[in-house]
Amino acid sequence: MSETATITIEGKEFVYPVIHGTEGEKAIDLRKLRGDSGYITYDDGYGNTGSCLSEITFINGEVGILRHRGIPIEELAENASFLNTAFLVIYGHLPGKEEYETFSNSIGSNASVPGDFSHHFSGFPNDAHPMAVLSAMLNAIGCYHGKLTSNNREQELEHFYKAASLLISKVRTIAAMTYRMRKDLPFVEPREDLGYVENFLHMMFHGEKEDYQPSAEEAHALDLFLLLHADHEQNCSTSTVRMVSSGGANLFASVSSGVSALWGPLHGGANTAVVKMLQSIHDSGDDGSQFIEAAKSGKARLMGFGHRVYKNYDPRAKILGGAAEKLMANMGHSDPLLDIARHLEKAALEDEYFIQRKLYPNVDFYSGLILKAIGIPVEMFTVMFAIGRMPGWIANWHELATTSSRIHRPRQIYTGKTDQHYVPVKDR
Ligand code: ACO
């Protein structure tokens, strides 16, 4: 007999199936609880709620494991490129030689935007936040591809390959255009002969920096940054993408809302917040010690530390910390903010407050220092995260679209006023 869990409510027993994941994760399937008993479960912030069954990414936050389609992030970081990882995350296996060529050619040939698309940028003030522009433009670019944005699931799934390649390619073009718009610089056409990252840096910096040519080390570090952000199971933005998609919305609309969800400082905006925090610690003459005390007393938050799922070192932070040091050594570049970050990390990992709460560096702790070294301005950091996360959003949209047709619709426990009556204005 399969395993069950029994819940006793008001003296009555209700029996529910237990679900086991392939990595030993356990859950009680309570979908019928309300119908059976009139009760719902309450889980503010969903910390204890499995919202879906998924085959894409596995995290064991207690020990610091992250795997995409079964492959450890360390092996991908060592051997794969961002595009290899994107293919793996979306299509479920590492691409063969031909599959990779077709995929990467499809991304290369989809980089340019329609001629009249550029004029949308002139409607924004120059200081518009790049995440606002990116979210709007991902929906806008969808308007040029009716079959991919019809909100007709069958038709969209038929054209999924095209939509996925197009988004992975164009998110990078739109990001570069946003940067140029903010600086009042002319847009730069993409070059099909360049790799994914090199083409992005070309569209960002060509003409702005004299004879701009990124070094192989810079291109590699940026590719690694994107790879390490490719997916991370049911985080705030990915859950948003699935939520929006569950209503039948197309891929472009769904990832556009993912960008909005990512923007906040507790999620993807943390990479920006970390560098601002390090800079202000540096400007105040502190080496991080005073800041640690402020974080412990609740007066400040150590950005880039802590995670809902990781109660151990985030493996991505470990890789990025090493990559930041290597990149700076290769560039002959030193950054006092890296020294402060290392000091903060050491002090926090030895401090009872952080030990007790299991607070470790997360992906955002070192990532901004890499972007800064490459010359990407701080206000673009979360956009860079969005470029990296695009494969994960796409894979989750596709998984939801092919495995579930139920709209996501949580319930609530109402705590407001009970039955009231309308009072005319004269009597208020
Ligand atoms: N600095 C100081 N104290 C912290 C920090 C931190 N960065 N993070 C958590 N704590 C403390 C909380 O104050 C709380 O203490 P208490 O038990 O005494 O009240 C305890 O640790 C638990 O923290 P919660 O906020 O309940 O943890 P939660 O899982 O809700 O939040 C989060 C996780 C949002 C990531 C949080 O750790 C945080 O704000 N970190 C800084 C922002 C950040 O780096 N975000 C990026 C996350 S990764 C990503 O989304 C890409």
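**A note on the ligand site and the cavity**

1. A good place to start is arginine 308: an N or O atom in its side chain is 2.8 Å from an oxygen atom of the ligand. Please keep in mind as you look around that this is a predicted model.

2. Arginine 357 is worth finding next. An N or O atom of its side chain sits 3.0 Å from an oxygen atom of the ligand. At phenylalanine 305 it is the backbone that takes part, with an N or O atom lying 2.9 Å from a nitrogen atom of the ligand.

3. How much of the ligand's accessible area does the protein cover? On its own the ligand has 920 Å² of accessible area, and the protein covers 71% of this.

4. Now for the surroundings of the ligand. They comprise 18 residues, and the closest are His267, Arg301, Leu302, Gly304 and Arg308. Sorted by class, this shell holds nine nonpolar, five polar and four charged residues.

5. Let us turn to empty space inside the protein. Rolling a probe the size of a water molecule over the atoms reveals where such space is left. The count here comes to one cavity of 30 Å³ or more, and the volume of the largest cavity is about 30 Å³.

6. Which residues line the largest cavity? You can pick them out in the structure as Leu148, Glu156, Phe160, Ala163, Leu251 and Trp397. By class, five residues of this lining are nonpolar, none is polar and one is charged. The charged one is Glu156, because Glu counts as charged.

How values were computed. Residues are numbered from 1 along each chain as its sequence is written. This is a predicted model: local features need pLDDT of at least 70, side-chain atom pairs count only at pLDDT 80 or more; totals for chains, interfaces and linings use all residues. Side-chain values use heavy atoms; hydrogens and water are left out. On a 1 Å grid over the protein atoms alone, a cavity is a set of points where a 1.4 Å probe fits but cannot get out, and a pocket is an open set with protein on both sides within 12 Å along at least five of seven lines; lining residues have an atom within 4 Å of a point. Grid points are joined across faces, edges and corners, and a volume is the space filled by probe spheres set on the points. A residue is near a molecule or strand if one of its heavy atoms lies within 4 Å of it. A polar contact is a pair of N or O atoms within 3.5 Å; within protein, one must be able to donate a hydrogen and the other to accept it, and residues adjacent in sequence count only if both atoms are side-chain atoms. Accessible areas come from the Shrake-Rupley method with a 1.4 Å probe; for residues, only the protein chains shown count as cover.
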